[in-house]
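Colleague: Could you take a close look at the bonded cysteines in this model, and then follow the chain outwards from them to whatever else ties the surrounding parts together? I would like one connected account rather than a list.

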Amino acid sequence: MKTLCALIFVVLISAGSCVPRRRASPELLQQADEAENRIKGMLQGKPTFTEYISVITNMLETKAPVDNIKTLFETLIGEVNSQQLRHDELSYAQQSECTEELSFRRKEVSTATTSLNKAVESKGRCEISLTKAESHLAINLQIQQKKDGEISSLNEIREQQKALYEQRKLDYKGAIDIVDAAIPLVQELGASANSFVEMETESTVKRVGAHSIEMVMQLISLVRSDLTDTIAVQLNSMLAAPSNIKASDVARMTELLSNLRKSIENSFERYTKEENDAVATHQIQIEEIQAVIADLQNQEGNLKTIIGEMTSCIGDENAIIAAASIKKRRNAELLANADEMCKSVSAEYEEATKNRKEAIQLYKKIVEWLQEYFRNRKSE
């Protein structure tokens, strides 16, 4: 019995009050030592492990029936199984929580990653649009400046043309005035066949003729026409022989001068029409350029709106990128921590389950050994 007491004590607590371990094998004794440590950590409720030891010791010392000892071990096995069941339930709840937490954190990381990627892509598109809009705006402003220069050039040319027209207008009027002055002078020369003979002196005749020739020369310089040459030849002929001037000569000269006046008027009318056409063309050109400038200014406004929107877009996406990055990093850290914790809890559960199974197997072996021991004692 002392040997049995020692074996049970070695198995359960390795107490030193019993006799040395002579009947137990080294392998069984080692398993008993390991079982002791496992049992101490597994039994959490009443009765306590010490109470089990006390009861078993008492039963052995009082030579209680082996069935009673077997029942006590079965109770101990039941406690271990109950503890395993509670641990199973706890482990199931923990696994559910872990699954939920890991799924939630993965989803948060995925959502943050998707938001981050979309924001980066959107920011890239906004930056490209901003660059294009700024480039187009610069070109637009250059074209507007060029068109403003074209208007200034056209206005300057128009002012020059207008000044030339006004000057030519005076020239035409002066030419007409000269012709109008020449006609009565010619008529005066031919007032009578003896008009020059009746003049006081030869110098007076020459003076009047020279004045008429000067008038004709002014006409020739102002109005380029075949008529001016004809008038000059006719007038010089009249002045060469004033006493031979006839009424038909005066009528011929008057007709030539009248035709010259009409030619000057027609020329001025054509020139005036050209001026009016130039004014109209100028106005059309200005309006066309102004229409182009108006379109450019409208485009300028649109481009500035786009630039403002793209600038805001970049700012908004930067904010999203920053928030998404923080969310992704934070949830990634929480995911890693949760994964590590869940793996640790799972490992602890598996280790505890393994230990309980080994302990139960050991308890069953002890019971079998006790039964065999008592059967052998009865046969002795």
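**The disulfides and their surroundings**

Modeller: Searching the whole structure turns up 2 disulfides, and what follows should be read with the reminder that this is a predicted model. One of these disulfides joins Cys98 to Cys342, with a distance of 2.0 Å from S to S. This pair links distant parts of the chain, since Cys98 lies in helix 4 and Cys342 in helix 7 (residues 247-379), 244 residues apart. The torsion about the S-S bond of Cys98 and Cys342 is about -100°, and the disulfide is therefore left-handed. As for their surroundings, Cys98 and Cys342 are both buried.

The other disulfide is formed by Cys126 and Cys313, whose sulfur atoms are 1.8 Å apart. Here, too, distant parts of the chain are linked, with Cys126 in helix 4 and Cys313 in helix 7, at a separation of 187 residues. The link of Cys126 and Cys313 is right-handed, with 70° about the S-S bond, whereas the bond of Cys98 and Cys342 is left-handed on account of its torsion of about -100°. Cys126 and Cys313 are both buried. If the bonded cysteines of the protein are numbered in sequence order, the pairing reads 1-4, 2-3.

To place this in the fold as a whole, the protein has 7 helices and 0 strands, so that the order of elements from the N terminus on is simply α-α-α-α-α-α-α. Of its 380 residues, 35% count as buried, and the exposed surface comes to about 23200 Å², of which carbon and sulfur atoms supply 52%. Among contacts between residues at least 6 apart in sequence, 79% join residues at least 24 apart.

Moving on from the cysteines, Arg158 is a residue to examine in helix 4, which covers residues 66-189. Is Arg158 buried or exposed? With a relative accessible area of 9%, Arg158 is buried, because that value falls under the 20% cut-off. Its side chain makes a polar contact of 2.8 Å with the side chain of Glu275. Leaving aside residues up to four places away in sequence, Arg158 touches Glu275, Ala278, Val279 and His282.

The aromatic residues offer another view of how helix 4 and helix 7 are related. The count of aromatic pairs comes to 4. In one of them, the rings of Tyr172 and Tyr271 have their centres 6.2 Å apart and their planes at 40°, and the pair is therefore tilted. Because Tyr172 lies in helix 4 and Tyr271 in helix 7, this pair ties together parts that are 99 residues apart in sequence. Tyr172 and Tyr271 are both buried, and, together with Tyr165 and Phe268, they form one aromatic cluster. Tyr271 also has a charged partner, for the charged end of Arg168 sits over its ring, 5.0 Å from the ring centre.

Three further pairs of positions can be described by their C-alpha distances. Ala182 is found in helix 4 and counts as buried at 7% relative accessibility; its C-alpha is 8.7 Å from that of Thr254, although these two residues are 72 apart in sequence. Asn276 lies in helix 7 and is partly exposed, with a relative accessible area of 47%. The C-alpha atoms of Asn276 and Lys162 are 9.9 Å apart in space, while the two residues are 114 apart in sequence. Gln285 lies in helix 7 and counts as partly exposed at 31% relative accessibility. Between Gln285 and Ile151, which are 134 residues apart along the chain, the C-alpha separation is 8.4 Å.

To return to your request, the bonded cysteines connect helix 4 with helix 7 through the pair of Cys98 and Cys342, and they do so again through the pair of Cys126 and Cys313. The tilted pair of Tyr172 and Tyr271 likewise has one ring in helix 4 and the other in helix 7.

Definitions and conventions
Residues are numbered from 1 along each chain as its sequence is written. This is a predicted model: local features need pLDDT of at least 70, side-chain atom pairs count only at pLDDT 80 or more; totals for chains, interfaces and linings use all residues. Side-chain values use heavy atoms; hydrogens and water are left out. Helices (H or I, at least four residues) and strands (E, at least two) are DSSP runs, numbered from the N terminus. Buried means under 20% relative accessible area, exposed over 50%, partly exposed in between (1.4 Å probe, protein chains only). Contact means heavy atoms within 4.5 Å. Accessible areas come from the Shrake-Rupley method with a 1.4 Å probe; for residues, only the protein chains shown count as cover. A polar contact is a pair of N or O atoms within 3.5 Å; within protein, one must be able to donate a hydrogen and the other to accept it, and residues adjacent in sequence count only if both atoms are side-chain atoms. A disulfide is a pair of cysteine sulfur atoms within 2.5 Å. Rings of Phe, Tyr and Trp (its six-membered ring) pair if their centres lie within 6.5 Å; planes under 30 degrees apart count as stacked, over 60 as edge-to-face and the rest as tilted. A charge sits over a ring if NZ of Lys or CZ of Arg is within 6 Å of the ring centre and within 35 degrees of the ring normal.
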